[in-house]
Amino acid sequence: MRKSLTAAAALALGALPLALSAPAAHAADGTFTANLTQLNDSGVTSTATTTLKGNTLDIKLQSQGLLEGAPHAQHIHIGGMGVCPTNDQEGSGADGALQVSDAADQYGGIAVSLTTDGDTSPDSGLAVDRFPTGNASYSRTIEVDDKTAAAISDGKAVVVVHGVDLNGSGEYDGDVKSDLDDSLPEEATDPAACGVLQASQMSQMPGGGVQTGGGSTAGTEDAGLIALGGALLVGGAGAAVVAARRRTASDDA
Ligand SMILES: [Cu+2]
């Protein structure tokens, strides 16, 4: 009984320095990716890969399934709940299509317009002549404001790609006008895909292991327990290796 309690405590303490060492990097820096999934039954998927250093954001976007030959507005949205609507969420467009403002509570407002050149502010949110056409890959380095950098590092920034051919006509048309610009059909601005930027596994990995983390803990007793925790972890890995060897041996027999 006593032995197992000690082992549990050692494991718990052994995990502690990992947690303590995590915030050592600059809070906002890191690699953040978003896997965008379809909205409005668009069939569109996209992957956004970003690296944030201070206020400098490198962003790459590769989409599939977008209407070819048509411009697709794309933005980083912040200030909402930091989530995407679901594909089956009903909106105010034709046959319940989801328009941009229908999901504003969820993904927030436009913070960055992912244009191909020139201005990237919300003012360029519908600058159709400066957005990629069809499924063209996108890559740009952008200076973002503090709010946007914080939202990205907090996992609350949402990438949205717009433009859906709802009626399958091969172009943006239809009777319902866009909720953002009534000179455009809703198809030109309705959201096609959405994904939340999240810290990738790489940037979540702590800089050091059990040994480097030991320095942040006071007291030799704790240090001893942490070392024991490390030994137990190593022991666990060793046991797995032994088990694997046994399997191999029996397979050979
Ligand atoms: Cu948008």
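Me: Which strand gives the largest share of the lining of the largest cavity?
Reply: Strand S3 (residues 56–64), with three residues. Strands are DSSP runs of E, at least two residues long, numbered from the N terminus. This is a predicted model, where local features need pLDDT of at least 70, side-chain atom pairs count only at pLDDT 80 or more, and totals for chains, interfaces and linings use all residues. Residues are numbered from 1 along each chain as its sequence is written, and side-chain values use heavy atoms, leaving out hydrogens and water.

Me: What makes a space a cavity?
Reply: On a 1 Å grid over the protein atoms alone, a 1.4 Å probe fits at its points but cannot get out. Lining residues have an atom within 4 Å of a point. The search finds two cavities of 30 Å³ or more. The largest holds about 50 Å³, a volume being the space filled by probe spheres set on the points, which are joined across faces, edges and corners.

Me: Why is His-162 called a donor of the copper ion?
Reply: Donors are N, O and S atoms within 2.8 Å of the metal (3.2 Å for Na, K and Ca). His-162 (NE2) lies 2.0 Å from the copper ion, so it counts. His-75 (ND1) and His-77 (NE2) are donors too. Water is not among the atoms, so the site may look incomplete.

Me: What does the pair His-77 and His-162 tie together?
Reply: His-77 lies in strand S4 (residues 74–78) and His-162 in strand S7 (residues 158–162), so the pair ties together parts 85 residues apart in sequence. Both are buried, meaning under 20% relative accessible area (exposed is over 50%, partly exposed in between; 1.4 Å probe, protein chains only).

Methods:
Helices (H or I, at least four residues) and strands (E, at least two) are DSSP runs, numbered from the N terminus. On a 1 Å grid over the protein atoms alone, a cavity is a set of points where a 1.4 Å probe fits but cannot get out, and a pocket is an open set with protein on both sides within 12 Å along at least five of seven lines; lining residues have an atom within 4 Å of a point.
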